[in-house]
Amino acid sequence: MLRSLTFKRSISSKVIGIDLGTTNSAVAYIRDTLKSNNGLSASSAVIIENDQGHRTTPSIVSIALDPTTGKEKTYVGLQAKRQQIINLENTFFATKRLIGRKFNEKEVQRDIKIMPYKIVQDEKSGNAMVMTTDNKRRTPSEISSIILRYLKNTATEYLNEDVKYAVVTVPAYFNDAQRQATKDAGRMAGLKVLRVVNEPTAAALSFGLKNSEQYKENGGLIAVYDLGGGTFDISILDIENGIFEVKSTNGDTHLGGEDFDNVIINHLLDCFINENQTVDKNALVKDRNVMQRLREASEKIKIELSHVSESTVEIPFFYDGYHLNVTLKEKELDELTMHLIERTIEPVKKAIRDADIETCDIDEVIMVGGMTRMPKIRSVIEHFFGKKPNVTVNPDETVALGAAIQGGILSGEIKNVLLLDVTPLTLGIETFGGAFSPLLPRNTTIPVKKTEIFSTGVDGQTGVDIKVYQGERGLVRDNKLIGDFSLKGITPMPKGQPQILVTFDVDADGIINVSASERSSGKEQSITVIANSGLTEEEVNKLVEEGNANREQDNILRQRMDLITKADIMISDTERSFKSLEKSMSEDEEYKELKQEIEAIRAMINTFKKEINDTKLDVNVIKKTTDALQNNVFKFFKKAMATSSSNKQP
Ligand SMILES: Nc1ncnc2c1ncn2[C@@H]1O[C@H](COP(=O)(O)OP(=O)(O)OP(=O)(O)O)[C@@H](O)[C@H]1O
């Protein structure tokens with residue numbers, strides 16, 4: 001947290017808070033501060049309305065050619081939404097689902113089929129990009145930067161000062177790639193992003209400060225259930241006396257209102273085709289304009305059904321001269337989308353488990369994100385937690401307000417508040433035999449710096465490859481490689497002797513920096529794990545699940561490896577020492593016997609190293625034999641020393 005205090009206030013030090021959402025974005029700032037006796041004011045963070053007088057801005061960008069000037073014209077927000085009717089293929093929405101992702105990720109491939117705009121691959125990085133009809137490519141970060149610039153200008157005009165600093169929110173389960181890409185977007189928008197804050201944490205900050213008196217004395221555990229347009233997050237926080245400590249977090253970076261809309265789209269399509277069987281469904285779904293009308297109607301009826309029990313979608317002359325007229329009941333919608341609602345429960349259970357608490361320990365469940373207005377979601381959550389969720393926060397605004405509060409903390413406008421967030425996945429490196437050596441378990445509080453000492457596995461090794469992985473499994477082959485580098489120039493030494501210090505440094509944005517150095521040679525190398533291979537949500541969940549399921553087996557394998565490595569180092573040491581006795585003791589019978597024993601154990605170790613997965617080979621034999629050998633060798637050395645000193649006597 002020191003880092004946050006070192007930010008110096010400059011001429012224009014206003015730090016705005018931005019919720020960069022999949023569907024809607026919002027910007028907020030700190031208006032009143034230092035009002036109450038604990039240094040906080042209940043109404044300190046406020047939303048800034050945009051130039052249309054709206055408190056949120058659709059996260060949509062439309063790029064058009066001005067026919068009079070021939071120049072590109074960019075529309076943002078509501079104006080861009082209106083362009084969808086006439087310029088559909090150049091109107092980009094929900095691009096947050098693509099940010100920091102590779103083109104060939106499953107989620108991207110799925111979106112290609114349903115998005116009216118083109119999604120292409122950047123040949124160099126393999127990342128997903130969007131393309132306008134004049135074949136110009138833009139990264140999702142560029143699209144986000146246009147939205148961020150619009151929000152920056154909104155704030156600049158309202159505050160009448162040049163706004164340079166911002167805190168931007170991201171889903172808690174965003175990986176490095178997605179976090180970096182979001183920071184890049186801020187930079188492109190001319191903003192210095194002082195902090196990337198997790199959305200549910202920001203929501204908790206806003207909620208907690210509003211209710212600071214309640215949480216002052218005894219504190220409380222709160223769960224933030226955040227289901228927005230494109231992502232789902234769950235975070236468990238402990239709030240006490242201005243300290244907001246995230247206990248655990250989980251989620252799904254590709255689950256949100258868009259998925260609910262897609263289910264309704266398919267249902268309406270089926271109804272339409274049933275009614276009009278001569279219509280070619282394949283041709284219909286290829287018609288991007290028709291599909292866009294269906295998309296809008298689907299979202300509209302979804303929202304309506306949060307307030308009424310039945311509604312009708314009516315689109316005259318929808319396709320081929322046929323009208324679309326479908327009535328949908330709230331109950332039907334609940335059934336159609338139950339599988340999506342259920343998908344949020346598993347991450348909730350995991351977060352509770354990771355926080356090491358029981359469901360009944362939660363004092364308050366805060367609902368954030370537009371989708372939590374759906375009555376069925378509220379009732380499922382109420383049933384799960386056994387208490388009514390708190391719906392007093394504004395689900396569209398609370399994240400931006402929390403971001404502004406974090407901005408206020410960084411600029412010094414808000415005092416006595418400390419925010420402690422966590423890493424979503426376990427981080428570690430590859431060690432001997434493909435073992436995963438974790439340095440930072442998931443849900444470790446950030447910022448964090450941790451160093452561990454490793455060594456070499458081969459005599460005379462002058463370099464090591466440091467491979468950084470994220471995941472929950474015991475072997476790296478089952479986890480995700482997120483970056484690697486080499487440490488070269490190590491002074492040649494027997495294996496096990498060099499002291500290689502590996503340091504993981506995760507900053508408050510959740511961005512990882514890894515460095516390695518060797519003590520005696522003083523060589524040092526480091527990398528920032530950059531956005532080149534982000535984990536997909538499914539990969540994340542799979543890693544966590546597999547990690548739990550295979551923990552026992554992985555532990556056994558790790559213990560085997562540890563035993564073999566120790567024996568290997570011991571034998572190497574003994575071999576070396578024996579060499580020094582070769583001249584004086586080579587004719588000694590005991591020496592010969594021990595030498596043979598060493599060779600036999602060396603052969604056994606080599607076999608075990610090769611067959612590490614074969615649990616039929618009992619590693620305890622290695623332990624017993626090397627222990628016995630060490631004993632005998634020790635005795636023999638004593639004898640050798642005595643012989644050599646008696647030989648030296650006059
Ligand atoms: N009354 C309602 N009932 C059901 N869904 C709603 C309602 N109001 C808004 N939504 C849905 O909420 C979603 C938008 O929520 P929100 O603005 O919180 O998301 P976001 O911040 O843009 O997304 P994310 O946090 O996932 O990046 C949309 O899918 C929208 O259709």
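**View 1. Arg373 reaches for the ligand.** In this predicted model, an N or O atom in the side chain of Arg373 sits 3.4 Å from a nitrogen atom of the ligand. Now look at the ligand as a whole: on its own it would expose 660 Å², and the protein buries 94% of that. So where does the ligand sit? You'll find it in the largest pocket.

**View 2. Two oxygen contacts, one from a side chain and one from the backbone.** Here we zoom in on Glu199 and Met371. Glu199 brings a polar side-chain atom to 3.4 Å from an oxygen atom of the ligand. Met371 uses its backbone instead: one of its N or O atoms there is 3.2 Å from a ligand oxygen.

**View 3. The crowd around the ligand.** How many residues surround the ligand? There are 20, and the closest are Thr22, Thr23, Lys96, Glu299 and Ser306. Sort the shell by character and you get 13 polar residues, five charged ones and just two nonpolar ones. Which helix gives the most to this shell? That's helix H9, running over residues 288–304, with three residues.

**View 4. A cis bond at Pro447.** Most peptide bonds are trans. The one joining Ile446 and Pro447 is cis, with omega at about 0°. To find Pro447, look in the loop between strand E22 (445–446) and strand E23 (448–454).

**View 5. Asn160 and its positive phi.** Most residues other than glycine have a negative phi. Asn160 isn't a glycine, yet its phi is positive, at about 60°. Where along the chain is Asn160? It's in the loop that links helix H4 (140–159) to strand E11 (165–170).

**View 6. Stepping back to the domains.** The domain assignment splits out three stretches: domain 1 covers 257–339, domain 2 covers 427–549 and domain 3 covers 552–648. Going by C-alpha atoms, the centres of domain 1 and domain 3 are 73 Å apart.

Key
Residues are numbered from 1 along each chain as its sequence is written. This is a predicted model: local features need pLDDT of at least 70, side-chain atom pairs count only at pLDDT 80 or more; totals for chains, interfaces and linings use all residues. Side-chain values use heavy atoms; hydrogens and water are left out. Domain bounds come from an automatic or database domain assignment. A residue is near a molecule or strand if one of its heavy atoms lies within 4 Å of it. A polar contact is a pair of N or O atoms within 3.5 Å; within protein, one must be able to donate a hydrogen and the other to accept it, and residues adjacent in sequence count only if both atoms are side-chain atoms. Accessible areas come from the Shrake-Rupley method with a 1.4 Å probe; for residues, only the protein chains shown count as cover. On a 1 Å grid over the protein atoms alone, a cavity is a set of points where a 1.4 Å probe fits but cannot get out, and a pocket is an open set with protein on both sides within 12 Å along at least five of seven lines; lining residues have an atom within 4 Å of a point. A molecule sits in a cavity or pocket if more than half of its atoms lie within 2 Å of its grid points. Helices (H or I, at least four residues) and strands (E, at least two) are DSSP runs, numbered from the N terminus. Ala, Val, Leu, Ile, Met, Phe, Trp, Tyr, Cys and Pro count as nonpolar, Asp, Glu, Lys and Arg as charged, and the others, Gly among them, as polar.
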